[in-house]
Amino acid sequence: LIGDIKDGRSTPVGKTIARILLEQESGQSLEAGYKPPGPPGSDKCKADTCCIWAHLSTELTAAFRGPSGRCNKFARAAVRLGFHDAGAWSQVLANNGQDFGGADGSIALSRGEMSRPENNGLQDIVARARIWQKAFGVGMGDLIQFAAQHAVVSCPLGPRIRTFVGRKDSSKEAPQGLLPDVNDSADNLIKLFEDKTISPHDLVALLGAHTTSEQFFVDSTRKGAPQDGTPGVWDTLFYNQTLGTGPLPKQVLRFPSDIVLSADPRTADEWQSFSGSGGQSHWNEDYSYSYIRLSMLGVNNINNLTECTKVLP
Ligand code: HEM
C-alpha cells in the first residue's frame, strides 16, 4: 500500500481504495446517472463535491471524442499527461525525505517540469488543463487524473475506471529522472516502475495505453505514427502487434521499450495473456487497478478523498 493508507485505513473511502490497490475489489464501476444539483458556482453545486466534476465531464466529453466516435489527440495526450504527472514519484526518494512529485499537478503548476524533454508533446493538453482549472476552480492534480480516466472511457472499449478527487496540489517541481526512456533496457524499466510500487504485471497493463498512442519525437521523420493499427480504440491489438504476431501495418511504429518488455521473462506471460482470447476484459480490469495505483502516487490524504465515478460518461 501507499500514502496514508499504508499506516491505517481510517475511512470508508480509504478502505475502498486499499481493497482496489490490493486487487480485492474492482477498479471499474458502472455507477452513473448523476445529475448536478445546480450550475457551476451555485450554492447547491458547491455543497456537493462531485457536482463541479459533472460539469467538467460534459466539457471533456466534447473535447475528447473525434467525429468517428474514436478518442482524439486530446484524449491521447490527457492519458499521457496523467502518467507524466503521477509517475514522477519514487518510493526510495520518499523514504529518504523526498516525498514530493506524484499526482499533485506539478507538471502544469511548476515552472520547470514542462521544459523537460520527456514532456515534449504535452504542451497543448497542459494549456487546456490550465484553462479548465481556471474555469471550473478545481485542483490541478485531480483535474489531470480525472481527465486521464475520462479520456480512457471516451475511447471505444475503454474501461470506466473508478475516480477519486481531493488530492493536494503542489507547484514544486517533481524530482528529475523518474520517467522512462524509450531506449532503456527491460531491467531498468522494471526497476524504475518497481520503485513506484508498480509491479512488472502492472507495468504491462499500463503500457497498453499505447493502444491509443501516436508518436512525434521518437522518429521525427514519421510524425503521427501510431503504436498499433487502431489508434483511438482501446483494444488489445497493441499487444499482438508489438509481439509481431500477424501482419504489421506499414504505418505502425513499435517502441523499443515495448518490444523489450513484451519479451522479458518477468513480463512476457502477462503480455501474452492480454493478447490472447479474453484479453480485453482481463486487460481492462488490470489497467483499472494499475491506473488507480498510479493516480495515487505521492497522495498522502487518500483517507480523505471522495469517489466521483458517477459523473463519468
Ligand atoms: C516503459 C514505459 C513507457 C515508455 C518508455 C513510454 C514512452 C512513450 C513515448 C516515447 C511516447 C511518444 C512520445 C512522442 O514521440 O510524441 C509515448 C506516448 C504515449 N504514452 Fe507512453 N511510455 C511509457 C509508459 C506509458 C504509460 C504507463 C502510459 C499511460 C498509462 C503511457 C501513455 C502514453 C500515451 C497515451 C501516449 C500517446 C500520446 C499522444 O498520442 O499524444 N505511456 N510514450
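Visitor: At which residues does UniProt place the feature "binding site"?

Guide: This is a predicted model, so start with what the record says. The unreviewed UniProt entry puts that feature at Thr211, Asp228, Thr230 and Asp235. They span 25 residues in sequence, but no two of their C-alpha atoms are more than 9.5 Å apart, so they gather at one spot. As for Asp228, look in the loop that runs between strand S3 (225–226) and helix H11 (237–243).

Visitor: Okay, now the ligand. Which residues are the closest to it?

Guide: Begin with the shell, then pick out the closest members. Here 22 residues surround the ligand, and His210, Ser213, Glu214, Phe216 and Phe217 are the closest.

Visitor: Which polar atoms should I check against the ligand's nitrogen and oxygen atoms?

Guide: Look for N or O pairs within 3.5 Å. A ligand nitrogen is 2.9 Å from an N or O atom in the side chain of His210. On the backbone side, a ligand oxygen is 3.1 Å from a polar atom of Glu214, and a ligand oxygen is 2.9 Å from a polar backbone atom of Phe216.

Visitor: Which elements supply the shell, and which gives the most?

Guide: Map the shell onto helices and strands. H4 (73–86), H9 (186–194), H10 (200–207) and strand S2 (214–215) each supply at least two residues, with H4 giving the most, four. Domain 1 (25–178 + 298–311) and domain 2 (186–286) each contribute at least three.

Visitor: How many shell residues are nonpolar, polar or charged?

Guide: Count by class: 14 nonpolar, four polar and four charged. And if you run pocket detection, the ligand's space is the largest pocket.

Key
Residues numbered from 1 in each chain as written. Predicted model: local features only at pLDDT ≥ 70, side-chain atom pairs only at ≥ 80, totals over all residues. Heavy atoms only, no water. Near = heavy atom within 4 Å. Polar contact = N/O pair within 3.5 Å; in protein donor to acceptor, adjacent residues only side chain to side chain. 1 Å grid on protein atoms, 1.4 Å probe; cavity = no way out; pocket = protein on both sides within 12 Å on 5 of 7 lines; lining within 4 Å. Sits in = over half its atoms within 2 Å of the grid points. Nonpolar A, V, L, I, M, F, W, Y, C, P; charged D, E, K, R; others polar. Domains from an automatic or database assignment. UniProt positions renumbered as here; feature names shortened; annotations may be inferred.
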